[in-house]
Every structure is written in C-alpha cells, then in structure tokens.
Amino acid sequence: MQTINPNKGLFDKILPIAGALIGTTLGFALNFSSSKVKDNKSANNKIMCINEDIDALEHALNETAKECARLVSLLIQRSPIVGNRLPGSISGLCIDSYFIDVAHKYSRNQRYWIQLTLERLKEINLKLGNRSGQSTPYERSVDMLNLLSITIETARLCRMIKLNDYIDHYEMLSHLKTIGTPTEDIAGCDLAINNVNLENASLGL
C-alpha cells in the first residue's frame, strides 16, 4: 500500500503560489530599479541642459553689455547709429522647461538666484523691445545705461548660480573691462554716467 504524505500535498500547493509571489516581487523590484535609473538619467540630462543654458545666458548678457557700452559711447559723441548688435531677446529655454522638475537638485540659494534671473530676463527683454521711444540722445543714453546696468547684474546672478556662492555687486566700469570692452567705450560710459548724475549738465545731449 502506498503511503500518503500529507506534507507533500501541502508543499505542492504552496510552491506555485510562492513562485508566483517571488516572481511578482522580483518583477516589481526590477521595474522599480529600471524606472529609478531612467528617472535619474532624465534628471541629470535636465540639469546638464539647465547648466548649459546658464553658461549661454552669461555669455549673451556680457555680449549685450559690451554692445550697450558701444552704443552709449556713440550717443554721447552724437554719432549716428545706423544699426546695432543688440539681441531681440535673451531667454533660457531649458530653464523655463525643466527647472520645475529638478529644482530640488539645486541649493536654496541657487533656486532663488535662478528665479531672480528669470525675472530679470523679463525686464531686459522688455527694454530690448522698447528702444524707439526716446527722442533725444540724452534720453536714449539713460535708457541704454539702465539696460547696461540690469544686464551686468543678471550676468552676476548667472555666475553665482554656477559657483553656488555669493558674489559682491559688479561695478559697471570694472566689469566692462573684465569682459573685454574696448577702452573708448568704457570711457564713454564713464562720461555718460557722470552726465546723468549732473542731469545732462556736463554734455548737454
């Protein structure tokens, strides 16, 4: 007579269930791990694009500052300005698109500076799009100096974001020299600033 082992029957019943549970758990773990890797890769790619945007913004802002200085120099000489090399606008497309997804990857200060940079860019673009209302060389020089000032300040913010460290206020003429602005344009800005402080009394533009 064949002996019946009750434990064997129970084992046979539990084995498929245990196998299914292990398989489900393993599958979930593998899917979770794969999803985590993809999320990390996506976040790293977004951070890379944002950082490249900040580099590009700093360069564009410094180039805009140099052009502002050139135009100011022409204005105080009453030289005709046939055209200029100012951009139509300056923007950080990747920052606009990705920053909200990876903001937690940046320090508290960096988050604040990035938000401040975006606000400053709106002001800069408003000024870039509204340059035809000034009727006199003096009014135009004031407008251009204001654009120069906010452009340099925003370039400073970009540098602070990159370094994750505070930088003292950029002095306008010193920064223009640092970024390679021609000496005659720096001198022109110096004269224009003094003229504004004297309410156009020194140059009479």
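Colleague: Arg78 has its place in the loop between helix 1 and helix 2 (93-102); what makes Arg78 count as exposed?

Modeller: This is a predicted model, in which local features need pLDDT of at least 70 and side-chain atom pairs count only at pLDDT 80 or more, whereas totals for chains, interfaces and linings use all residues. Residues are numbered from 1 along each chain as its sequence is written, and side-chain values use heavy atoms, with hydrogens and water left out. Arg78 has a relative accessible area of 51%, and the classes are buried under 20%, exposed over 50% and partly exposed in between (1.4 Å probe, protein chains only), so Arg78 is exposed. The phi of Arg78 is near 60°, a positive value in a residue other than glycine.

Colleague: Asn200 also has a positive phi, near 70°, in a residue other than glycine; is Asn200 buried or exposed?

Modeller: The relative accessibility of Asn200 is 15%, and because that falls under the limit for burial, Asn200 counts as buried. Asn200 lies in the segment after helix 6.

Colleague: Why is Asn62 called buried, and with which residues is Asn62 in contact?

Modeller: Asn62 is buried because its relative accessible area is 13%. Contact means heavy atoms within 4.5 Å, and, leaving aside neighbours within four places in sequence, Asn62 is in contact with Ala155, His175 and Ile179. Asn62 itself belongs to helix 1 (residues 6-76), where a helix is a DSSP run of H or I of at least four residues, a strand is a run of E of at least two, and numbering starts at the N terminus. By that rule the protein has six helices and zero strands.

Colleague: How do you know that Cys68 has no bond to Cys189?

Modeller: A disulfide is a pair of cysteine sulfur atoms within 2.5 Å, whereas the sulfur of Cys68 is 8.4 Å from that of Cys189, its closest cysteine sulfur, and therefore too far for a bond. Cys94 is in no disulfide either, with the nearest cysteine sulfur, that of Cys49, 4.5 Å away. The structure as a whole holds zero disulfides. As for accessibility, Cys68 is buried at 0%, while Cys94, at 22%, counts as partly exposed.

Colleague: What makes helix 4 roughly perpendicular to helix 6?

Modeller: Helix 4 (residues 137-163) and helix 6 (residues 183-197) pack at an angle of about 110°, with their axes 10 Å apart. The axes are lines fitted to C-alpha atoms, for helices over the stretch in contact, and angles run from 0 to 180 degrees between N-to-C directions. Angles under 35 degrees count as roughly parallel, over 145 as roughly antiparallel, 65 to 115 as roughly perpendicular and the rest as oblique, so helix 4 is roughly perpendicular to helix 6.

Colleague: Which residues make that contact of helix 4 with helix 6, and how do they divide by class?

Modeller: Helix 4 contributes Tyr138, Val142, Leu145 and Leu148, and helix 6 contributes Cys189, Ala192, Ile193, Asn195 and Val196. Ala, Val, Leu, Ile, Met, Phe, Trp, Tyr, Cys and Pro count as nonpolar, Asp, Glu, Lys and Arg as charged, and the others, Gly among them, as polar, which gives this contact eight nonpolar residues, one polar and no charged.

Colleague: Which residues of helix 2 and helix 3 meet?

Modeller: Ile95, Asp96 and Phe99 in helix 2 meet Arg111, Ile114, Gln115 and Leu118 in helix 3, and by class the contact has four nonpolar, one polar and two charged residues.
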